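This report walks through selected contacts and pairings. Keep the sequence and the 3D view open while reading.

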Amino acid sequence: MNSNWDWDYAVDIFPDILRAFVEYTLTITILSSVIAAVVGLLFAVIRFLHVPVLSQVITGFLEFVRSTPIPVQLFFLFYVLPDYGILVGATTVGVWCLGLHYACYYAEVYRAGIDAVPKGQWEACTALSIPRRYVWQHVVLPQALRNVLPSLGNYVISMFKETPFLFVISVPEMVSVAQGIGSRNFRYVEPLTIAGLIFLAASYPAAVALRRLEIRLGHA
Amino acid sequence: MSDYNLGPWLDDFAHGLWVTIYLTVVSAFFALVLAFVLGMLARVRHIAPRTFARIVIELFRGTSLLIQLFWFVFAFPVIVGIVWTQPVIPVIIALSLNFGAYGAEVVRGAINAVATPQWEAAVALNLTPFQRMRRVILPQAVPLMIPPFNNLLIQLLKSTPLVILIPGVLDFLSVGELYRRSETTHYVSLYIAELVVYFLLAYAFTLILRALEARAKARVGRAEPRRKIFSFRGPSPEEELPAEEKALA
Amino acid sequence: MATHDTTAQPDAAGTATDSQPLIRFDDVVKRFGELTVLDKLKLSVNAGERVTLIGPSGSGKTTILRLLMTLEDLTGGHIWVGDQPLWHMRKGDKLVPANQKHLREVRKQIGMVFQHFNLFPNMTVLQNLIEAPIRVLGKSKAEASEKARELLDQVGLAAKVDAHPSQLSGGQQQRVAIARALAMEPRILLLDEVTSALDPELIAGVLGVLRDIADTTDITMLIVTHEMGFARDVSHRVMMFDSGQIVEQGPPDKIFSEPENDRTRSFLHAILDER
């Protein structure tokens, strides 16, 4: 190990790392985001409707999940689900775990977004005798969505950066592939740096775009 | 209880828990220092230090913590030509840098959030920039920083189980896994118990930080009615005006 | 409008002890991006003079104060305080942009009271008053505290020495703010709409304090206000501004009773009709 950076080696391993990025990291992020968005909405609606027992249980559940580590949750699902007859691969477990974990954050974001729509909007609609369903669809939700978009975007980026957690249940996402290459060849600098740069190349523009969106929506 | 065979494991679990807390607290300390250094560097007028801070911040925010962990454990020693005698050290370095970068944004944001009029009053009184920051701005910015810091601290705690992938560092989850592999039963209760332990730790940290926040707010005259455990009397505006005003007219 | 029965009536337009004015604006230009607020403005104020600036919002009156207090950057021209330039410094024969040290040196003579008081919420009233004298003027804590207590007494708030700003009413906070500015012993006091943010019943108290200061000291004052009665009682000169230019100026009696300029007339009409 004379020099610190071997270009041949780097070029050699780059495709494998990139492939893992596209096939796993990106895919996982997208799938988990969808799950988080949908399930989060479900949680938010249940809480909003103040269903007698269910709403409180959900609230407690959200708080609990948000405060506990993803790796532990991953292990929990990975080892416990088969006991209940749910036999799925590690990647599926990972996607659902990440998705559900972030659904708990999304639920909060939705709630805050709806709360942020000024009460006066509701009252004005009542005064004009506009039916509730219409109010939701055309007045409240559009405004709520504008409020939540930046936060949702931020959580997607967070999720993206936490996909490597899935390494603990042996999902072959990019970081585990990079680490594997490193340990096989006893040269860690190149694969890890490449993985890091790919992450940076993906997340930094996304973060910048998100900040611009925030400013445009008047949230800066 | 006998088939759990916890007895011989209790010491190990206790040690694992200690490592988790130790990692969290020590990294949090360094992260805090870094947050202030980077956060304030990022606001300086000179373009060189400001850009440097920006690059460090974006670098550690834009890449994944796990990569940073592996990088410091495996790649860094090769580049610098050293060997880690204690694997905890690169872990703490990575955690501190990562969360320090996020913390820097909190510091920067909070300082910016202190209303401009306070800056102006300090300028009008001819205080130097250093005096302004230390005596007027920071005391008002700190209470604003604490809730986001609380979030970051909890995230830090939640990241510590990643060390299960780092040979040589045995945190609470690592011990749990060793236990599970050797005792091989009762997954559900084991993991639920682990989750509860982490939850309690998170809750404890939150309580401590809420107490700190309350104290910091009181110093700025914004004491609030407390939320859960502490009782707090906030000062209320005095109503003596009519007599005073009349005396002056 | 409140009448004031002590001898607050200023004598003839403030005396200039030297032949030169204390404050001089020399072709001052101030632009905010595309917007030009002050365009080659010339104005001068003598030592001991009290001048009120009136005019519609956006006319530049507050900008003048903020330029003096170095809260805004000067786009063009020169501002002189005494025989020193404020935003520039002498280098041989020429004038170059001032460095921080020079700025702070000249700025020491100027104090400002803000519309929203801007007291430091993390300090008590006393601490607010002694902070700058100790750090900037180098006074000892004992010295600064004694002066602070005197000033608080003068503004009628001796009892509030250890209170927090959040415990005071708006009028009380503003009086503390005035005391805080005076604690720095400035030659020039800038007052930027200091009663505009107060509830009506608290305004008289603050104006009373200011009248007191006018009576008992010969501090130079630049006042931006809508309180015309106060302006009339206390000022030596009134300047009417519009679009960054002085449209008319003169003793208050003249300006308020027989304004010559149309803009002045219509502005005063609008203001006075509101009451």
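In which strand of chain C is the place of C:Asp192? The answer is β9, residues 188-192 of chain C. Bear in mind that this is a predicted model.

**Around C:Asp192**

Is C:Asp192 buried or exposed? It is buried, because 24 other C-beta atoms lie within 10 Å and the cut-off for burial is 20 or more. Leaving out residues up to four places away in sequence, C:Asp192 touches C:Thr62 and C:Leu65. It also touches C:Met112, C:Val113, C:Phe114, C:Gln115 and C:Val224. C:Thr225 is 33 residues away from C:Asp192 in sequence, yet their C-alpha atoms are 6.9 Å apart in space.

**A hairpin in chain C**

Strands β11 (residues 237-242) and β12 (residues 245-250) of chain C pair in the antiparallel sense. Five bridges join them. C:Met239 has C:Gln249 in β12(C) as its bridge partner. The two strands form a hairpin with two residues between them. In the turn, C:Ser243 has a positive phi of about 50°.

**Two helices in chain B**

Helix α6 (residues 129-159) packs on helix α8 (residues 187-219), both of chain B. The angle is about 175°, and the axes are 9 Å apart. The two helices are therefore roughly antiparallel, since the angle is over 145 degrees. Residues from α6(B) in this contact include B:Pro139, B:Pro143, B:Phe149 and B:Leu157. Those from α8(B) include B:Tyr198, B:Phe205, B:Glu213 and B:Arg219. By class, the contact of α6(B) with α8(B) has 16 nonpolar, two polar and three charged residues.

**Chain B against chains A and C**

Chain B contacts chain A through 28 of its own residues, which meet 33 residues of chain A. On the chain B side, α2 (47-62), α3 (65-80), α6 and α8 each supply at least two residues.

The contact between chains C and B takes 33 residues from chain C and 27 residues from chain B. On the chain C side, α2 (100-107), β8 (110-113), α3 (125-135) and α6 (200-216) each supply at least two residues. Which element gives the most to this side? It is α6(C), with six residues.

The table gives the make-up of two of these sides by class.

| Side | Nonpolar | Polar | Charged |
|---|---|---|---|
| Chain B, touching chain A | 22 residues | three residues | three residues |
| Chain C, touching chain B | 14 residues | 13 residues | six residues |

Terms used:
Residues numbered from 1 in each chain as written. Chains lettered and ligands numbered in written order. Predicted model: local features only at pLDDT ≥ 70, side-chain atom pairs only at ≥ 80, totals over all residues. Axes fitted to C-alpha atoms, helices over the stretch in contact; angles between N-to-C directions. Helix = DSSP H or I, 4+ residues; strand = E, 2+ residues; numbered from the N terminus. Parallel < 35°, antiparallel > 145°, perpendicular 65-115°, else oblique. Contact = placed C-beta atoms within 7 Å. Nonpolar A, V, L, I, M, F, W, Y, C, P; charged D, E, K, R; others polar. Pairing = 2+ DSSP bridges. Buried ≥ 20, exposed ≤ 12 C-beta atoms within 10 Å, placed from the backbone.
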